[in-house]
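Work through the following exercises on charged side-chain pairs, with the coordinates open beside the text.

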Amino acid sequence: MITEDTVFILGAGASKPYGYPTAKELRKQIIYDFIPLYKENFQESVSPGVIRLMEEFIRHFDLSGTESIDLFLTRNKKFKDIGKQVIAFLLAHAEVNSRYREKIENIQHDWYTLLLKKLTDEILNPEDLDKFLENKLRILTFNYDRSLDNFLYESLYHSFLTKQSDVKRIIAEFKIIHIYGRLSYLPFEDSGGIPYSDKILKEYPVENSDEINIMYDERAEVSAEILKTISDASHIYFLGFGFAKENIQAIGLDKPILNSGQRIFATTLGMTDLEKDKIISNMRKTNPSLLYHSFVLEDYDSNMLLRKYM
């Protein structure tokens, strides 16, 4: 069980082991993969006009050299709707091909299973499943994918074979906060939700991408719930998180909400020492009570970081 107040803050790298793209990989998929995949799945309904608009958007995004699709769409608002549709489709395609547990490409990177073990290691009987809610963990995710939500629901149900209604209630109370929205609600979250399955490309029309917030100016003010979640945590884990300025602002870390008693852990694979120092410096600038030794920034993936420090 997780007995200390803990928050996970998830970036795209946290979902990568399960088949989802990082920001750089998403850019490459938009430029090279989207059009043939879209035609393959919507050949009968796709119109030449829609394809031309998509090709125009992709050509400009390619030649812009802009790494962030969010930033490109903020600068080029005429592509807002088509850009959201493209992102929604590619993530839906990733969901179709996503894998859990032993089926993932590299089992060494599977942190979902490690987390499940930690959350359930003191629960032996189905009638004790409410103990799951005694875990002092909250999860904030910047990811649109639904993989962790579905993994926890599936795993609890099939581990304890209790009533689905009980598992639905427990997962709803446990709560994973999708800061920028998600592809769609799952059936256990909403009666009109779309199953996590190979049907999503057909059942989730690419035009219906309103559940995700791409543009910087679409994103609401930081909620009191998010601020309290972070300020109350004794341990904060950034997993697969790139520390982009807009994401830091979206969870209020540009404000003095941290304190000297908190520990901050982060996966920083591929970052230089200078980039790591800048992350620490920026956080300490707005939260001066944090000491340098409050930070643990490691060249680890999510699984290794949690194995070592959780």
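Buried means under 20% relative accessible area, exposed over 50%, and partly exposed in between, with a 1.4 Å probe and protein chains only. The model is predicted, so that local features need pLDDT of at least 70 and side-chain atom pairs count only at pLDDT 80 or more, while totals for chains, interfaces and linings use all residues. Residues are numbered from 1 along each chain as its sequence is written, and side-chain values use heavy atoms, with hydrogens and water left out.

**Exercise 1.** Determine which residue forms a salt bridge with Asp299, and whether Lys276 is buried or exposed.

*Solution.* Begin with the criterion: a salt bridge is a side-chain nitrogen of Lys or Arg within 4 Å of a carboxyl oxygen of Asp or Glu. Asp299 meets it with Lys276, the closest N and O atoms being 3.0 Å apart. Next, place the partners, which link distant parts of the chain: Asp299 is in the loop between β6 (295-298) and α14 (302-309), and Lys276 is in helix α13 (residues 273-286), 23 residues apart; helices (H or I, at least four residues) and strands (E, at least two) are DSSP runs, numbered from the N terminus. Finally, Lys276 counts as buried because its relative accessibility is 11%, whereas Asp299, at 43%, is partly exposed.

**Exercise 2.** Locate the partners of the salt bridge between Arg138 and Glu225.

*Solution.* The closest N and O atoms of Arg138 and Glu225 are 3.1 Å apart. Arg138 belongs to strand β2 (residues 137-141) and Glu225 to helix α11 (residues 224-232), so the pair links distant parts of the chain, 87 residues apart. Arg138 is partly exposed at 27% relative accessibility, as is Glu225 at 33%.
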